[in-house]
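User: Please take a close look at one helix of this protein and at what surrounds that helix. Give me the setting too.

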Amino acid sequence: MSNTAILIPARMESTRLPQKLLLPLGNSTVIGHCLKRVKAAQTGCPIVLCTDSSLLAKEAEKLNIESVITPKNFSSGSDRIAHVAAQRNEDFVLNVQGDEAFIEPSVIQRILQVR
């Protein structure tokens, strides 16, 4: 998908379950599963983790996925995505939430096919 990026907003301190993205889930972390599934979609699109945490950025680095550190005072994932999208040159971005550990790669593929 030319001119499309997959942006994944993720913050460390969720209100209901702090540091939930680093919690173990089977053989990985919650964010690790999400990143692996987005990568498994094999869309050819850049994948960028938009995060306020160097610990989450390290999880992306393990999978050779780009990350951008965003300000901690952003109140939503939309703020993180807007911040990163403004620095990039894509016409279209797909928002995949960092806690979507069970997102099916085929869902990502289908969304990008109909856009």
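Analyst: The setting comes before the helix, its core and two loops.

This is a predicted model, in which local features need pLDDT of at least 70, side-chain atom pairs count only at pLDDT 80 or more, and totals for chains, interfaces and linings use all residues. Residues are numbered from 1 along each chain as its sequence is written, and side-chain values use heavy atoms, with hydrogens and water left out.

The protein has four helices and six strands. Helices (H or I, at least four residues) and strands (E, at least two) are DSSP runs, numbered from the N terminus. Their order is β-β-β-α-β-α-β-α-β-α. The radius of gyration is 13 Å, close to the 13 Å that the globule rule gives for 115 residues, so the protein is as compact as a globular protein of that length. That radius is taken over C-alpha atoms, and the rule is 2.2 Å times the number of residues to the power 0.38. The C-alpha trace spans about 35 × 30 × 25 Å along its principal axes.

Of the 115 residues, 42% count as buried. Buried means under 20% relative accessible area, exposed over 50%, and partly exposed in between (1.4 Å probe, protein chains only). Contact means heavy atoms within 4.5 Å. Among contacts with a separation of 6 or more, 63% join residues 24 or more positions apart.

Now to helix H1, residues 30-40. Its buried residues are Val30, Ile31, Gly32, His33, Cys34, Leu35 and Val38. They pack against S1, strand S2 (24-25), strand S3 (28-29), S4, H2 and H4.

Val30 lies in H1. Its relative accessibility is 14%, so Val30 counts as buried. Leaving aside neighbours within four places in sequence, Val30 is in contact with Lys20, Leu21, Leu23, Leu25, Gly98, Asp99 and Ala101. From Val30 to Gln97 the C-alpha distance is 11 Å, across 67 residues of sequence.

Next, the core. A nonpolar core is a set of buried Ala, Val, Leu, Ile, Met, Phe, Trp, Tyr and Cys residues joined through side-chain atoms within 4.5 Å. The largest one has 24 residues, and Ile6 and Ile8 touch the most other members. Strand S1 (4-10), H1, strand S4 (47-51), helix H2 (54-62) and helix H4 (105-114) each supply at least two residues. H1 gives the largest share of this core, five residues. Apart from this core lies another, of seven residues, among them Leu7, Val68, Ile81 and Val84. In soluble globular proteins, nonpolar side chains tend to be buried together.

Ile8 shows how H1 meets its surroundings. Not counting residues up to four places away in sequence, Ile8 touches Ile31, Cys34, Leu35 and Val38, and also Ile47, Val48, Leu49, Cys50, Val96, Gln97 and Gly98.

After H1 comes Gln42, whose phi is positive, near 45 degrees. Gln42 is not a glycine. Its place is the loop between H1 and S4. At 71% relative accessibility, Gln42 is exposed.

Asn64 offers a second case. Its phi is near 60 degrees, positive in a residue other than glycine. Asn64 sits in the loop between H2 and strand S5 (66-69). With a relative accessible area of 70%, Asn64 is exposed.
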